[in-house]
Amino acid sequence: MCLKLGRAPKMSSTEDEDEEDRQATTDDELNENLRSDKLPIVYRPEYGVRFCGLQRLHPFDAAKGGNIYRLLKAGNLIGSDADVHKPREISIDELLDVHTKRYIESLKWSVNVAKIAEIPPLVFVPNYFVQRNYLRPMRYQTFGSILAAKCALAGSSGTGWAINLGGGFHHCSADSGGGFCPYADITLTVRMLQASGRGIERIMIVDLDAHQGNGYARDLMNDSGVFIMDMYNYRIYPRDHEAKLAIKRAVELKPHVGDKEYLEKLRSNLTRSFDEFRPNFLIYNAGTDVLKGDPLGILDITSEGVIERDEIVFEMARERAVPLVMLLSGGYLRSSARVIADSILNLNAKGLLPVVK
């Protein structure tokens with residue numbers, strides 16, 4: 001499959017859709033936007049889910065990306081809004097490169113979206129508002145993952161990296177959503193990389209969200225060009241035994257694992273995964289629901305542990321000259337935005353974000 005990134009989005013336009021969205025529709029224009037004077041950080045304010053307060057019924061921090069963005073500006077990593085890459089909204093045609101038509105059509109019914117978002121009252125909300133205030137922000141984040149991967153590819157050898165301040169919808173597959181994940185941005189990103197013409201033949205997915213990444217695993221079950229290392233609490237959602245067959249290195253954790261055991265297992269298993277597969281691109285799903293106190297992850301990793309975790313992943317990729325894209329995935333504490341921002345600032349301070357001055 002080839003992502004049709006040269007097509008204009010075939011969606012109903014909205015009054016607040018800006019000129020940038022209407023213009024950034026061809027591959028040439030997209031590539032021109034991958035400018036070296038911009039940070040390989042991808043974000044726009046439309047990432048935020050706003051739903052008259054209903055989003056508060058799910059523990060997910062719907063404003064996490066915006067909170068991280070403000071903290072990175074306060075930390076002087078981002079100087080102005082012009083310093084970052086702004087994704088457009090992914091089109092239905094592009095989604096259909098991976099998703100089934102049946103699934104996309106199912107999102108026109110609020111009852112189906114309510115199950116995916118895990119917000120039961122959405123059943124009673126007109127689908128127009130569901131599309132505008134939940135699914136549309138997720139479509140921006142989905143294209144953000146694709147754009148971030150393009151940014152990482154555009155980096156010089158050994159320094160290619162990018163961070164999408166959203167995305168990582170690892171419970172969504174081609175024909176099914178769930179766990180607050182409505183679009184399969186990881187599968188879409190894999191397919192874009194494979195069709196990029198850049199010789200990306202060995203893609204490794206390192207999923208360190210507290211939950212098993214079952215969506216993309218189902219999609220990529222028989223793809224020998226993809227290696228999945230998934231480190232998760234095996235006693236919580238989704239416990240998808242069929243999807244587990246796609247995981248090349250499963251690191252199953254018991255509830256309340258702490259920093260020492262967690263980081264030791266990460267170092268040893270990540271080293272073995274790199275040595276076994278020798279990837280030429282890494283998709284890092286960096287969920288912060290591993291933090292102690294997270295109501296859904298049920299692990300006991302400290303903020304310092306998360307910062308060291310991210311440093312380990314970036315350092316190993318840098319040592320092996322493997323381009324890397326980082327997606328934020330889950331994280332259900334309000335404090336997770338601060339932890340993520342501190343981690344990114346630490347990566348920069350340690351010289352692991354080499355193009356940042």
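The following exchange goes through a predicted model and the rules behind its labels.

Colleague: What makes a residue or an atom pair count in this model?
Modeller: The model is predicted, and local features need pLDDT of at least 70, side-chain atom pairs count only at pLDDT 80 or more, and totals for chains, interfaces and linings use all residues. Residues are numbered from 1 along each chain as its sequence is written, and side-chain values use heavy atoms, with hydrogens and water left out.

Colleague: How many helices and strands are in the chain, and how are they assigned?
Modeller: The chain has twelve helices and seven strands. Helices (H or I, at least four residues) and strands (E, at least two) are DSSP runs, numbered from the N terminus.

Colleague: Why is Trp 161 called buried?
Modeller: Buried means under 20% relative accessible area, exposed means over 50%, and partly exposed is in between (1.4 Å probe, protein chains only). Trp 161 has a relative accessible area of 3%, so the residue is buried. Its place is in strand β2. The C-alpha atoms of Trp 161 and Ala 148 are separated by 8.2 Å, with the two positions 13 residues apart along the chain. Of the 357 residues of the chain, 60% count as buried.

Colleague: What makes a set of residues a nonpolar core?
Modeller: The set must consist of buried Ala, Val, Leu, Ile, Met, Phe, Trp, Tyr and Cys residues joined through side-chain atoms within 4.5 Å. The largest such core has 114 residues, and Leu 165, Leu 270, Phe 281 and Phe 314 have the most contacts inside it. Helix α7 (residues 127–154) gives the most to this core, with 13 residues. In soluble globular proteins, nonpolar side chains tend to be buried together.

Colleague: Which residues are in contact with Phe 314, leaving aside its neighbours within four places in sequence?
Modeller: Contact means heavy atoms within 4.5 Å. With those neighbours left aside, Phe 314 is in contact with Trp 161, Ile 163, Tyr 284, Leu 324, Met 326, Leu 347, Leu 352 and Leu 353. For the chain, among contacts between residues at least 6 apart in sequence, 74% join residues at least 24 apart.

Colleague: How do you know that the span of α12 agrees with the expected one?
Modeller: The expected span is 1.5 Å times one less than the number of residues. For the 14 residues of α12 this gives 20 Å, and the end C-alpha atoms are 20 Å apart, so the two agree. Helix α11 (residues 303–319) has 17 residues and reaches 24 Å from its first C-alpha to its last, close to the 24 Å expected.

Colleague: What covers the buried residues of these two helices?
Modeller: The cover of α11 includes β2 (161–164), α10 (259–277), β6 (281–285), β7 (324–327) and α12 (336–349). The buried residues of α11 include Arg 309, Asp 310 and Glu 311 as well as Phe 314. For α12, the cover includes α3 (64–74), β2 and α11; among its buried residues are Ser 336, Ser 343, Asn 346 and Leu 347. Just after α11, Ala 321 takes a positive phi of about 55°, and just after α12, Gly 351 takes one of about 75°.

Colleague: What makes Lys 244 and Glu 252 a salt bridge?
Modeller: The rule asks for a side-chain nitrogen of Lys or Arg within 4 Å of a carboxyl oxygen of Asp or Glu. Lys 244 and Glu 252 meet at 2.8 Å, N to O, so by the 4 Å rule the pair is a salt bridge. Lys 244 is partly exposed, at 33% relative accessibility, and Glu 252 is partly exposed at 32%. By this rule the count comes to 19 salt bridges. Glu 89, Arg 136 and Arg 139 are linked in a network.

Colleague: Why are Glu 264 and Lys 260 separated by about one helical turn?
Modeller: They are four residues apart in helix α10, which means about one helical turn. An α-helix has 3.6 residues a turn, so residues three or four places apart point the same way. The closest N and O atoms of Glu 264 and Lys 260 are 2.9 Å apart, in a salt bridge. Lys 260 counts as exposed, at 62% relative accessibility, whereas Glu 264 is partly exposed, at 46%.
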